[in-house]
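Student: I have a model open and would like to talk through some of its surface and side-chain contacts. Can we start with a single acidic residue and work outward?

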Amino acid sequence: MSRCRLLIKTLVSIIFATLSVSCNTQVNRTRQQPQVNAGQTPQPNIVYGDMIIKKESDYLMIPVSIFPDVNQGEKSWSNLTSSSYSRSYKDRKNIYNLIFYSKKDASINTLLNKKAIIKSFDLIEKKTIGKPNKRFWLYRIIEQDTNKDNKLNYQDATIGYLSDLSGRNLQQITPNNTQLNSWNVVQSTGAIFLEITKDTNDDKRFDTKSYMRVNLDNPAIGKEIINSELENKIKSYIVEQ
């Protein structure tokens, strides 16, 4: 009987010892994990958006984003789950590049070779009777931290650009330190008319509206429709109260 009790006591001691080691290991892991995570700098992963396929173009496009994105307030993975990551590309606000893939010869290129945010991109068309239509991609691109808050966001200058359908021949069409708001292609003139806002007093705010014209046969930074001379003349006509 004593031998049986001794055997039982031995087995109980082994079980308690095993449980103790297991618990201590778990506690140590729990304590160490935050220290490891706290010391790590989260590296953003590339996130590819859905393919954009236009019948008017021989190229398909793939938007490129990142996750987490500090420019959108995502500073770490701590509150993110694998499922939210897998769905994240659908909710991306910031696009950092566009990949162009040729449907014909499988050639591939990227739109940008610099850090920037593509705020929007739209397909526009210039129609000429008796000639093939000219098609362009029109972009609004944020590329400089104009409000000096150490990140790129929608409060910074938003510059207008045009490219061909392959994403090549990128051409700036609005001045630096302005924001492109809207546009309208007027087929009868072969031009695109742009509405922009300017920061005229260097207060980091874009609050002065202006209009520009860009010739689509020879795209370049547009010419303002209302120049300073015309504006001064208009001011002289205003009746002071």
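Tutor: Let us take Asp58, which is partly exposed, with a relative accessible area of 39%; please keep in mind that this is a predicted model.

Student: Which residue forms a salt bridge with Asp58?

Tutor: The partner is Lys104, and the closest N and O atoms of the two are 3.4 Å apart. Lys104 sits in the loop between strands E4 and E5, while Asp58 belongs to the loop between strands E2 and E3, so the pair ties together parts that are 46 residues apart in sequence.

Student: And Lys104, buried or exposed?

Tutor: Lys104 counts as exposed, since its relative accessibility is 68% and the cut-off for that class is over 50%.

Student: How many salt bridges are there in total?

Tutor: The count comes to 8 salt bridges. Another of them links Asp217 with Lys134, where the closest N and O atoms are 3.3 Å apart. Asp217 is in the loop between E12 and E13 and Lys134 is in strand E7, so this pair ties together parts that are 83 residues apart in sequence. Asp217 is partly exposed at 44% relative accessibility, and Lys134 is partly exposed as well, at 36%.

Student: What about Lys235, what does it pair with?

Tutor: Lys235 forms a salt bridge with Glu231, with 3.7 Å between the closest N and O atoms. Both residues are in helix H3, 4 residues apart, which means that about one helical turn separates them. Glu231 itself is partly exposed, with a relative accessible area of 38%.

Student: Which residues do shared partners join into one network?

Tutor: Salt bridges that share partners join Lys126, Lys134 and Asp217 into one network.

Student: Switching to pockets, what lines the second largest one?

Tutor: Its lining includes Glu231, together with Lys198, Thr208, Tyr211, Ile226 and Ser228 among others, and the space in this pocket is about 190 Å³. Strand E12 gives the most to the lining, with 4 residues, and both E12 and H3 supply at least two residues each. By class, the lining has 2 nonpolar, 5 polar and 4 charged residues.

Student: Last topic, then: which residues make the nonpolar surface patch?

Tutor: The patch of about 500 Å² is made by Tyr211, Ile225, Ile226, Leu230, Ile234 and Ile238, and Tyr211 and Ile226 also belong to the pocket lining just discussed. Ile234, for its part, is found in helix H3 and is partly exposed, with a relative accessible area of 42%.

Technical notes
Residues numbered from 1 in each chain as written. Predicted model: local features only at pLDDT ≥ 70, side-chain atom pairs only at ≥ 80, totals over all residues. Heavy atoms only, no water. Patch = residues over 30% accessible without salt bridge, like charges linked within 9 Å, V, L, I, M, F, W, Y side chains within 5 Å. Areas by Shrake-Rupley, 256 points an atom, 1.4 Å probe, with all protein chains shown as cover. Salt bridge = Lys/Arg side-chain N within 4 Å of Asp/Glu carboxyl O. Buried < 20%, exposed > 50% of the residue type's maximum accessible area, 1.4 Å probe, protein only. 1 Å grid on protein atoms, 1.4 Å probe; cavity = no way out; pocket = protein on both sides within 12 Å on 5 of 7 lines; lining within 4 Å. Points joined across faces, edges and corners; volume = space filled by probe spheres on them. Nonpolar A, V, L, I, M, F, W, Y, C, P; charged D, E, K, R; others polar.
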